[in-house]
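Colleague: Could you take me through the ligand site, giving for each statement the reasoning that supports it?

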Amino acid sequence: MREIGHFVGGKEVKGTSGRFGDVFNPNTGEVQARVAYAKHSEVEHAIANAAAAFPAWAATNPQRRARVMFKFLELIHNQFDELARLLSSEHGKTFADSKGDIQRGLEVVEFACGIPHLMKGEFSEGAGPGIDLYSFRQPLGVVAGITPFNFPAMIPLWKCAPAIACGNAFILKPSERDPSVPMRLAELFIKAGLPPGVLNVVNGDKEAVDTILTDPRIQAVGFVGSSPIAEYIYATGTASGKRVQCFGGAKNHMIVMPDADMDQAVDALIGAGYGSAGERCMAVSVAVPVGKKTADTLVQKLIPRVENLKIGPATDPHVDYGPLVTRALLTKVRDYIDIGVKEGAKLLVDGRNFKLQGYENGNFIGGCLFDEVDPDMRIYKEEIFGPVLSVVRAKNYEEAVRLPSENEYGNGVAIFTRDGDTARDFTSRVQVGMVGVNFAIPVPLSYYTFGGWKRSGFGDLNQHGPDSIRFYTKTKTVTARWPSGTKEGAEFVIPTMR
Ligand code: NAD
């Protein structure tokens, strides 16, 4: 059985805790590898490596740090397909979608290539008599990222690329479900010229995470995952005096106005609701048609499309989506469908009994479509994270704005309409962090920031884009007087520089 260890000091090392987790092939349900779970002392050892590597890396000029990023991009491009296949084999998303996962991560590395410009400070000549005032950014030291299973390339890169480019040393704790790609990314960073110890990967569970959250050498923690864990990480990390940003779960709505291009809206819902088997934090899980006629038309168009989704092994280039990541998630999703039926929602398409010949033990589930879902139902309120779309019928536009605004999550939302006034009003009033206008998955590009509101985001800065530079650095401001020989005697009042 293949064994996945940790990546410390520039190389893979074996785990010594004697604890392991299974890494499955989601297509067949078979265990394909086991991943070591780090114990406290192993994480401490990785942190010590990072702390030792930090001073020299921080002192490396930013253009040389950028060159490592450029070289890393080149190395990834040389083995893009192989990495995508590896990603797909542990996650279960299709090959094309796995390439998208890597691509959206690389775009943040491309952003980080601009670090010499992004780290530039400010300078005010003559802020007072003979006085110049300036500020600049410095890295924090050792920082960490804890990431989820659903984007095993993109999210580790969102975390580590800006942090490292800023001059920090990094500890990555990826998901234990699909750890191979993060390990490969660390290896490629070393090949790209990153000094050993600047990027370390510790695999594991709560024990590894808790060590990261309490070790005084770690200055900042970035987390992405489910909301209950995000809340825990935020509370524990900040109580230890760290800078912490945590991004959590989601319940993303798509509003369909009566004037929307209905075919475009249906295409958008099918892609955004069922792509990657719904295992995306920006997946649309709630469709909100406005008015009875819109709802009836939408539902009638959705039914055959959901019934005809092509589901199969992630290795088949013709499928729309593959299996869920684990049997545990499959059971959870099936349970939610049962709950929805018991709650009285209308299950128009039932994918629970989907079976695929030759893959009977794979984690497959057919697309599910609920109509007449009520905002009090658990299937509306809770994140399912599977290929399940709930239709919540809104009587009018006001109700449609209220639904996502009052939902406890606030990650993404979209409105489909041909009316500019409505789109503008919606964009301004809706209480959600990322908004799409006739665009179902509004994940901003890497030079903007990504972050949800309410229980989708804890902390006050977003990930990637300019906020990532702010999060991974601290500002120092200098007031300097030249020539220093000026003698004014002791000043007992606060300097005002009149
Ligand atoms: P998860 O919360 O189970 O795990 C995330 C990370 O936390 C993993 O590294 C895991 O090992 C660790 N972890 C799990 N339980 C822990 C515990 N009790 N104590 C300490 N650490 C623990 O999430 P997941 O199932 O891997 O990912 C799916 C979730 O991530 C969904 O809720 C999805 O919406 C969310 N997500 C959010 C965003 C975003 O940017 N908002 C992006 C992607 C995914």
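Modeller: What follows concerns the ligand and its surroundings in a predicted model.

Colleague: What makes the pair between lysine 173 and the ligand a polar contact?

Modeller: An N or O atom in the side chain of lysine 173 is 2.7 Å from an oxygen atom of the ligand, and because a polar contact is a pair of N or O atoms within 3.5 Å, this pair counts as one. By that cut-off serine 226 also qualifies, with a polar side-chain atom 2.6 Å from an oxygen atom of the ligand, and so does glycine 248, where a backbone N or O atom lies 2.8 Å from a nitrogen atom of the ligand. Taken alone, the ligand exposes 840 Å², of which the protein buries 86%.

Colleague: Why is the ligand said to lie between domain 1 and domain 2?

Modeller: Residues of the shell around the ligand come both from domain 1 (2-248 + 456-478) and from domain 2 (252-437), so the ligand lies between them.

Colleague: Which residues of the shell come nearest to the ligand, and how does the shell divide by residue type?

Modeller: Of the 26 residues around the ligand, Thr147, Lys173, Glu176, Ser226 and Glu383 come nearest, while the shell as a whole divides into 13 nonpolar, nine polar and four charged residues. Helix H8 (206-214) and strand E11 (218-224) each supply at least two residues of that shell.

Technical notes. Residues are numbered from 1 along each chain as its sequence is written. This is a predicted model: local features need pLDDT of at least 70, side-chain atom pairs count only at pLDDT 80 or more; totals for chains, interfaces and linings use all residues. Side-chain values use heavy atoms; hydrogens and water are left out. A residue is near a molecule or strand if one of its heavy atoms lies within 4 Å of it. A polar contact is a pair of N or O atoms within 3.5 Å; within protein, one must be able to donate a hydrogen and the other to accept it, and residues adjacent in sequence count only if both atoms are side-chain atoms. Accessible areas come from the Shrake-Rupley method with a 1.4 Å probe; for residues, only the protein chains shown count as cover. Helices (H or I, at least four residues) and strands (E, at least two) are DSSP runs, numbered from the N terminus. Ala, Val, Leu, Ile, Met, Phe, Trp, Tyr, Cys and Pro count as nonpolar, Asp, Glu, Lys and Arg as charged, and the others, Gly among them, as polar. Domain bounds come from an automatic or database domain assignment.
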